[in-house]
Structure formats: C-alpha cells, structure tokens
Amino acid sequence: MTRIAAVHGALAPHRCAQAEITDMVARACLPEGADRRVLDRLHRNAGVRARHMTLPLDRYETLDGFGAANDLFIATATDLGTRVIREALRTAGLSAADVDLLIFTSVTGVAVPSVDARVAGRLGLRPDLRRVPLFGLGCAGGAAGLARVHDFLLGRPDQVAVLLSVELCSLTFQRGDASTANLVASGLFGDGATAVVACGAERAGAFWGPTIVDSRSRLYPDAGGVLGWDIGDSGFRVVLDPDIPQVLRHHLAEDVREFLAVHGLKPQDVTAWVCHPGGPRILDAVSEALDLPTEELALSWRHLAEAGNLSSSSVLHVLRDTLAERRPSPGTPGLLLAVGPGLACELVLLSW
C-alpha cells in the first residue's frame, strides 16, 4: 500500500471578487461599447464568488505576450511550489533528504529546466532525486499524479514520494478574445498549488493518512478535441467544448462501477467522493451519472465558490479538506476522480 502522509495547499496572493474580475475581462476582451450581458451571465453561472490571482488585477490588462506570461509562471511556480512542499514535509515530519521521487504536474506554463528541478535546488533535495515532470494532463493531473506516485512506491516500499501541482491559470488569459470559451474560462479558473507527501508500505505505519489502493485511467473515444489548448503566438488559448458534461453522463457511471467491482465494492460503499470541481456543469454531470446526493460533493462545490477551478490542484485541495473536515470512518473506501484533456478520466481508490 501507499500511505498519504500529508497534503498542503496554497493559493496565489491576490484575492479578487468575481465581479471585479468580470469588469476587468469586459475591458480587456470586449470591444468598446459592446453588450456585456453574455459575459455577465457566464461569470454569474460559474458558481465562483472569488478567486486568487498571481498578479494584481490591473496587470492582466497590460501583460503582453506569451514570453512575459511564461517568465512569470516559472518564477511564481518555483516560489509557490517550494513553499507547499516545505510545509507538507514539515507536516509529515520528514526532511528534504527523505524525498526519493518528485513528480510535478502543471498545464499552465512550461520551463526547461523544469519547475521540479528548480524547486529541488531551493529545498536542498538530494542530487540522486528521481524527477518526473508531467505536462498535458490538465485538470486530471492531480489524480494521475497520485496514481503515478502509487505505481512508484509499490516497487520501492521503503521510499518517499512527493507530488507537486502548481497551476497559474490566470497567466493564460487571452486579451482581446471574446470567444465563448475564453469568456467561460476567464470566469472559472484560479491560481494555486498543492503538495502531497506519500510513503511506501514499509514506512506507512508512521503516518495517519489514507492509503492508495489502486487507480484506473480511461481515455474516451472521439473526444480528443473537447478540452485542451490551442497554442499560438499569444500563448495558451483554451478549448472548452460544451459537450464535456454529456461525455461524462454517458461513460462515468460504468467506469466507476467496473473499477470498484474489481475490489468487491459498489458506489454505495464509498464513504467520501473527492471530486475535481471543474465547474457547475461538470459537478452536476458527476452527481447525475453516479446518482449522488448534493451533499456528497459539498466540499467540491465550496472549493469552486471560494477559489475557482485550479486545474490539477483543485482535486488535491478537496482531498486536503476532506481529511481535515469530513474524515470518513477508518477502513472505509473513498474515490478520488478528475477529468482532463484527452478526454480522460482518472480514478484513484482510497482507504481511509
């Protein structure tokens, strides 16, 4: 088994009310004098009250070009990543010298050397550290990263792994783009980071967290173009198709039932659903597909309202909150799930 020893999350420094962000987007994306009723409706319906941003709000109207935005991503991701790993290790009672593997996931910027290498230097991680930077998994990256941590520790049960997710979604903002996808994204995504410390079976007895039992990945056929980036001179331009919830309604229930059945479980046995808060329509689709009462996803809805969608970091924030506030009975199963570009679903079975 793989034991989760600590989960630490943090948000970017500048907290902005949704209405303030909507006004900025109107100035930066809509022609002067344009009717902004569609923008206002899309932002109201996002289910977000406030978000945390990397920069003061007025900087986004003048931030020019992919290079400038990506430089900010590298600097901020390194700072924020260093901070959350340091705090997660402190919570677990471990030191930098204990870490054998560092997996880094992000889809909102690129760096070579990768951010994990820069963070390793800041923290003084060992020079023989194994590193795995992941890019392209999007909102599923937190769940997929946990699964890859588990894969590694199954073969090295005496070792310690850290998963780092940093997503600075605001730095992908596209000025002058009045497309529906850009307006929806500008009302939904926020900035934050999470670090998860996990250990193999031989060290598991020292820690209190849940165990990772198994994982499953699923790529949905003919859905590769519904979510992702179009990458051009201005950077990352969002692809966000309204059919995503319908894909989930069609596939998710069967995937979850089959995965749980391998372990002799049914959906009604799950005592906590740790679901990525991708947006109201995504959460509604998950609830409908799995026939879940609204309160089962209450922490996901709250995270969406208070911080927005942090891409790969969001599901890990919800995991942190579940452990802190709604910890299920010991020995019962939990399911962590997230959806990302591909279109792909990542499932992680937990035992509390």
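How many salt bridges does the count come to in this structure? In this predicted model, the count comes to 18 salt bridges. Side chains of opposite charge can pair when their charged atoms come close. Three of these pairs are described below, followed by the cysteines.

**Salt bridges**

The table gives, for each of the three pairs, the separation of the closest nitrogen and oxygen atoms.

| Pair | N to O distance |
|---|---|
| Arg27 and Glu61 | 2.8 Å |
| Asp151 and Arg148 | 2.8 Å |
| Arg302 and Glu325 | 2.8 Å |

In the pair formed by Arg27 and Glu61, Arg27 belongs to helix α1, which covers residues 18-29, while Glu61 sits in the loop between β3 (50-53) and α3 (66-92), so that this contact ties together parts 34 residues apart in sequence. Arg27 is exposed, its relative accessible area being 52%, whereas Glu61 counts as partly exposed at 25% relative accessibility.

The salt bridge between the side chains of Asp151 and Arg148 is found within one element, since both residues lie in helix α5 (residues 141-155), where they are three residues apart, or about one turn of the helix. Asp151 counts as partly exposed, with 39% relative accessibility, and Arg148 also counts as partly exposed, with 32%.

Arg302 and Glu325, which form a salt bridge as well, come from two helices: Arg302 lies in helix α9 (residues 298-307) and Glu325 in helix α10 (residues 314-325), so the pair ties together parts that are 23 residues apart in sequence. Arg302 is partly exposed, at a relative accessible area of 28%, and Glu325 is partly exposed too, at 45%. This pair also belongs to a network, in which Arg302, Arg320, Asp321 and Glu325 are joined by salt bridges that share partners.

**Cysteines**

A disulfide is a covalent bond between the sulfur atoms of two cysteines. How many disulfides does a search of the whole structure find? The search finds zero disulfides. For Cys275, which is in no disulfide, the nearest cysteine sulfur is that of Cys345, 8.9 Å away. Cys345 is likewise in no disulfide, and the nearest cysteine sulfur to Cys345 is that of Cys275. Because a disulfide needs the two sulfur atoms to be within 2.5 Å, the distance of 8.9 Å between the sulfurs of Cys275 and Cys345 does not meet the cut-off.

Are these two cysteines buried or exposed? Cys275 is buried, with a relative accessible area of 1%, and Cys345 is buried as well, with a relative accessible area of 2%.

Note on methods: Residues are numbered from 1 along each chain as its sequence is written. This is a predicted model: local features need pLDDT of at least 70, side-chain atom pairs count only at pLDDT 80 or more; totals for chains, interfaces and linings use all residues. Side-chain values use heavy atoms; hydrogens and water are left out. Buried means under 20% relative accessible area, exposed over 50%, partly exposed in between (1.4 Å probe, protein chains only). A salt bridge is a side-chain nitrogen of Lys or Arg within 4 Å of a carboxyl oxygen of Asp or Glu. Helices (H or I, at least four residues) and strands (E, at least two) are DSSP runs, numbered from the N terminus.
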